[in-house]
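Please open the model in your viewer and keep the sequence panel visible beside it. The tour goes from one selection to the next, and at each stop it says what can be found there.

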Amino acid sequence: MITLGKANIGIDFAGGVMVAGTFRQPIGIDDLRDAVRSEFPDAQVNEVKDFSAPNAFIIKTKSPGNRCEQEH
């Protein structure tokens, strides 16, 4: 399927950055998505339902590359 271009390749397969973490205070997933996507529009934010770690999220984004551009 990959060679035919019909594979459903997720962002984690294609490379990029994945961050997993928790918050001390509860945060709404929509608020977190808005905050992350303001800097990384392609980001995927998922809530982790793990009772041992409340307020846990996983954030995935494509490699940010070189975000700094030289000014001339």
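What follows is a walk through a predicted model, from the whole chain to single residues.

**The whole chain**

Begin with the whole protein chain selected, and look for two helices and three strands, which follow one another along the sequence in the pattern α-β-α-β-β. The chain has 72 residues, of which 14% are buried, and it exposes about 6100 Å², with carbon and sulfur atoms supplying 52% of that area. Among the contacts with a separation of 6 or more, 56% are between residues 24 or more positions apart.

**Colouring by confidence**

Now colour the chain by pLDDT, which averages 76, with 67% of the residues scoring at least 70. Where is confidence lowest, and where is it highest? The lowest mean, 51, belongs to helix 1 (residues 11–14), while helix 2 has the highest, at 94. Then select residues 68–72, where the pLDDT is below 50 and where the model shows zero contacts beyond near neighbours in sequence.

**The sheet**

Next, select the three strands together, which form an open sheet in the order 1-3-2 with antiparallel pairing. Strand 1 (17–22) and strand 2 (44–48) are the edge strands, each of them pairing on one side only, and the twist from one strand to the next averages 20°. As background to this view, strands of a sheet pair through backbone hydrogen bonds, either parallel or antiparallel.

Go first to the pairing of strand 1 with strand 3 (residues 56–61), where the two run antiparallel and are joined by six bridges; within this pairing, select Ala 20 and find its bridge partner, Ile 58, in strand 3. On the other side, strand 2 and strand 3 also pair in the antiparallel sense, over five bridges, and here Val 48 stands opposite Ala 56 of strand 3.

Before leaving the sheet, return to strand 1 and ask how many of its six residues are buried. The count is zero, and strand 1 is hardly covered.

**Helix 2 and the core**

Add helix 2 (residues 29–37) to the selection, and you will see it lying across strand 2 and strand 3, running at about 150° to strand 2. Then show the side chains of Ile 29, Leu 32, Val 36, Ala 43, Val 45 and Phe 57, the six residues that make up the largest nonpolar core. Helix 2 gives the most to this core, with three residues.

Within that group, centre the view on Phe 57 and display what surrounds it. Leaving aside neighbours within four places in sequence, Phe 57 is in contact with a set of residues that includes Val 19, Ala 20 and Gly 21, as well as Ile 29, Leu 32 and Val 45. Phe 23, Ile 27, Asn 46, Glu 47 and Val 48 are also among the contacts of Phe 57.

**Asp 30**

Stay with helix 2 and select Asp 30, which is found in this helix. Is Asp 30 buried or exposed? Asp 30 counts as exposed because its relative accessible area is 51%, and the cut-off for that class is over 50%. If you draw a distance from its C-alpha to that of Val 45, the two atoms are 9.0 Å apart in space, although the residues are 15 apart in sequence.

**Ile 27 and Asn 55**

Move next to the loop between strand 1 and helix 2, where Ile 27 lies. At 30% relative accessibility, Ile 27 counts as partly exposed. Not counting residues up to four places away in sequence, Ile 27 touches Leu 32, Asn 55 and Phe 57; of these, Phe 57 is 30 residues away in sequence and 10.0 Å away in space, C-alpha to C-alpha.

End with Asn 55, whose place is in the loop between strand 2 and strand 3. Asn 55 has a phi near 60°, a positive value in a residue other than glycine. Its relative accessibility is 22%, so Asn 55 counts as partly exposed, given that buried means under 20%.

Conventions
Residues numbered from 1 in each chain as written. Predicted model: local features only at pLDDT ≥ 70, side-chain atom pairs only at ≥ 80, totals over all residues. Heavy atoms only, no water. Pairing = 2+ DSSP bridges. Helix = DSSP H or I, 4+ residues; strand = E, 2+ residues; numbered from the N terminus. Axes fitted to C-alpha atoms, helices over the stretch in contact; angles between N-to-C directions. Contact = heavy atoms within 4.5 Å. Core = buried A, V, L, I, M, F, W, Y, C linked by side-chain atoms within 4.5 Å. Buried < 20%, exposed > 50% of the residue type's maximum accessible area, 1.4 Å probe, protein only. Areas by Shrake-Rupley, 256 points an atom, 1.4 Å probe, with all protein chains shown as cover. pLDDT = per-residue confidence, 0-100.
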